[in-house]
Amino acid sequence: MSQSSPFFNRWLSQIGPDQVITILTDLVDAGAVFAVDAGGKILFWSKGAEKLFGLSAEAVIGKVCTEALNCDEGRDPCGLAEHGVIKDQLVKLRRPDGNTLNCYRTARAFFAADGQFAGALEFLQPRAATAPSAKSLTDSDSFHGILSRDPTMQEAIKIIRNVAETEATVLIRGESGTGKELVAQALHQESSRSNKPFLAINCAALTPSLLESELFGHVKGAFTGAMRNHAGLFQRANGGTLFLDEVAELPLELQAKLLRVLQEQSFIPVGADAAISVDVRIIAATHRSLREEVKAGRFREDLMYRLRVVPVFLPPLRERRQDVNLLLWQCIQQHNQHGPRHVDSIAPEAMRRLLDYRWPGNVRELKNVVEYAFAVGRGNEITLDDLPPEFREPAAAHRTDLPLFTGNRRVNEADSIREALQTAGGHLETAADLLGMSRATFWRKRKKYGL
Ligand SMILES: Nc1ncnc2c1ncn2[C@@H]1O[C@H](COP(=O)(O)OP(=O)(O)OP(=O)(O)O)[C@@H](O)[C@H]1O
């Protein structure tokens with residue numbers, strides 16, 4: 001039985017019970033408090049409930065809890081009228097983003113003077129997320145290392161399986177870190193070229209002249225510093241696959257040269273006078289719309305049609321949130337296998353922030369976050385303190401749709417790069433210029449921070 005003094009009762013009557021309830025429930029915002037009436041209609045929904053369920057008060061108040069919360073139990077609020085009290089019952093909470101959270105549920109029913117069920121007050125406390133079995137992570141969800149349960153990703157995988165045996169040129173579209181190179185590798189592995197080379201180049205990371213030399217090679221004396229013949233990627237990938245990442249950044253003059261390889265399967269190395277014939281399958285990738293680039297006059301239309309014979313789209317991680325859980329545990333398992341620390345659970349608050357995060361750097365950023373957590377944390381649970389600063393800021397839980405960086409505050413290099421990218425609307429060259437960095441350095445750093 002709880003105790004209170006007469007002063008407390010007076011204080012209560014001054015403040016008003018509704019205020020007191022709000023204050024109390026805000027104090028326990030790591031858990032969810034809500035109240036339902038006799039028909040199961042939601043009457044009260046705490047801030048903690050908003051965070052835990054991922055549902056706003058406006059979305060649920062006045063609705064019947066079984067429907068609003070997508071709950072399987074269709075009876076009076078889960079047998080409460082019958083039992084009166086439920087204590088520490090383990091329940092699975094299904095969030096609208098597809099993820100589930102294990103919670104302890106404590107609830108208490110209220111009865112009217114005539115003994116009729118009048119409603120209930122419930123408290124849900126998240127339990128630390130524990131590691132799923134290794135088998136459940138690898139068997140059905142992975143395709144050449146691509147882990148996903150998202151329907152759009154499954155569609156992409158289906159296309160890859162189907163086109164692998166053909167010679168069709170594939171264009172993969174997706175934000176940085178969504179797995180474009182991984183998908184290109186999977187396609188190569190599934191194809192009859194799998195025992196030949198798979199080579200990759202990032203068209204945004206080199207200056208036009210270096211890129212030309214890297215792609216097509218050069219002969220001795222072609223330019224100052226060309227001391228010997230150099231075989232380009234097309235030559236070295238002969239019989240195999242060449243992955244052209246960020247193909248939209250290819251300068252116009254090289255686009256013409258690439259078109260020729262696609263049409264004639266031959267090219268002339270820099271400074272040479274004879275063409276070399278090759279048999280290379282091209283897989284290209286971009287985070288931009290090539291159509292838009294064509295409209296803006298930055299990309300050749302004929303090349304676009306050549307490249308996007310089979311387009312494949314990889315959605316950003318924030319649009320396939322059920323994959324966050326899957327990928328987190330996969331990364332944790334990998335670290336468990338290769339390092340001294342063994343993690344088998346994630347603290348509730350840390351898990352909630354991870355699930356709510358916007359993931360601008362997609363899977364690459366997620367991998368970096370797990371690496372960070374393993375490096376700075378101790379023990380077998382990942383806690384909020386083990387996550388990078390952006391997860392620990394108080395506003396982090398509600399940041400999913402907010403820009404990641406506001407104002408001109410430059411806290412560290414990663415933030416400067418993030419801010420420059422936002423200012424430049426994702427245009428790498430402009431962003432690199434803003435920071436006075438070369439394109440290659442900017443590219444490297446962007447990758448390093450998973451941005
Ligand atoms: N679905 C996935 N399952 C497992 N690992 C993934 C998945 N998607 C991406 N990764 C991993 O995330 C990292 C980034 O992936 P990748 O390099 O393929 O992305 P990208 O889209 O090519 O990025 P960028 O355009 O910046 O080069 C890699 O370590 C990759 O193995």
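UniProt positions are given in the numbering used here, feature names are shortened, and annotations may be inferred rather than shown by experiment. Residues are numbered from 1 along each chain as its sequence is written. The structure is a predicted model, in which local features need pLDDT of at least 70 and side-chain atom pairs count only at pLDDT 80 or more, while totals for chains, interfaces and linings use all residues.

**Overall composition**

The protein comprises 21 helices and 17 strands, where helices (H or I, at least four residues) and strands (E, at least two) are DSSP runs numbered from the N terminus. Of its 451 residues, 37% are buried. A residue counts as buried if 20 or more other C-beta atoms lie within 10 Å of its own, as exposed if 12 or fewer do, and as partly exposed in between, with C-beta atoms placed from the backbone. Among contacts with a separation of 6 or more, 64% join residues 24 or more positions apart; a contact requires that the two C-beta atoms, placed from the backbone, lie within 7 Å.

An unreviewed UniProt entry places the feature "domain: PAS" at residues 33-63. This span is 35% helix and 29% strand, and its end C-alpha atoms lie 16 Å apart.

**Helix α15 and its surroundings**

Helix α15 (residues 322-338) has 17 residues and reaches 26 Å from its first C-alpha to its last, close to the expected 24 Å; the expected span is 1.5 Å times one less than the number of residues. Its buried residues include Val324, Leu327, Leu328, Trp329 and Cys331.

The axes of α15 and helix α17 (residues 362-376) come within 10 Å and cross at roughly 45°. The helices α15 and α17 are therefore oblique to each other. Angles under 35 degrees count as roughly parallel, over 145 as roughly antiparallel, 65 to 115 as roughly perpendicular and the rest as oblique. Axes are lines fitted to C-alpha atoms, for helices over the stretch in contact, and angles run from 0 to 180 degrees between N-to-C directions. The crossing of α15 and α17 is right-handed, meaning that the near helix is turned clockwise from the far one by less than a right angle, whereas an anticlockwise turn would be left-handed. On the α15 side, Val324, Leu327, Leu328, Cys331, Ile332 and His335 take part, and they meet Val363, Leu366, Lys367, Val370 and Phe374 of α17.

Leu354, in helix α16 (residues 348-356), is buried, with 24 other C-beta atoms within 10 Å. Beyond its neighbours within four places in sequence, Leu354 is in contact with Val324 and Leu328. Leu354 and Leu328 are 26 residues apart in sequence, and their C-alpha atoms are 9.0 Å apart.

**A second helix pair**

Helix α8 (residues 151-164) and helix α9 (residues 180-190) have axes that come within 8 Å and cross at roughly 35°. This crossing of α8 and α9 is also right-handed. Ala156, Ile160, Arg161 and Ala164 of α8 make the contact with Val183, Ala186, Leu187 and Glu190 of α9.

**Positive phi outside glycine**

Two residues that are not glycine have a positive phi.

| Residue | Phi | Loop | Other C-beta atoms within 10 Å |
|---|---|---|---|
| His144 | about 45° | between β7 (142-143) and β8 (146-147) | 14, partly exposed |
| Glu246 | about 50° | between β11 (241-245) and α12 (252-264) | 20, buried |
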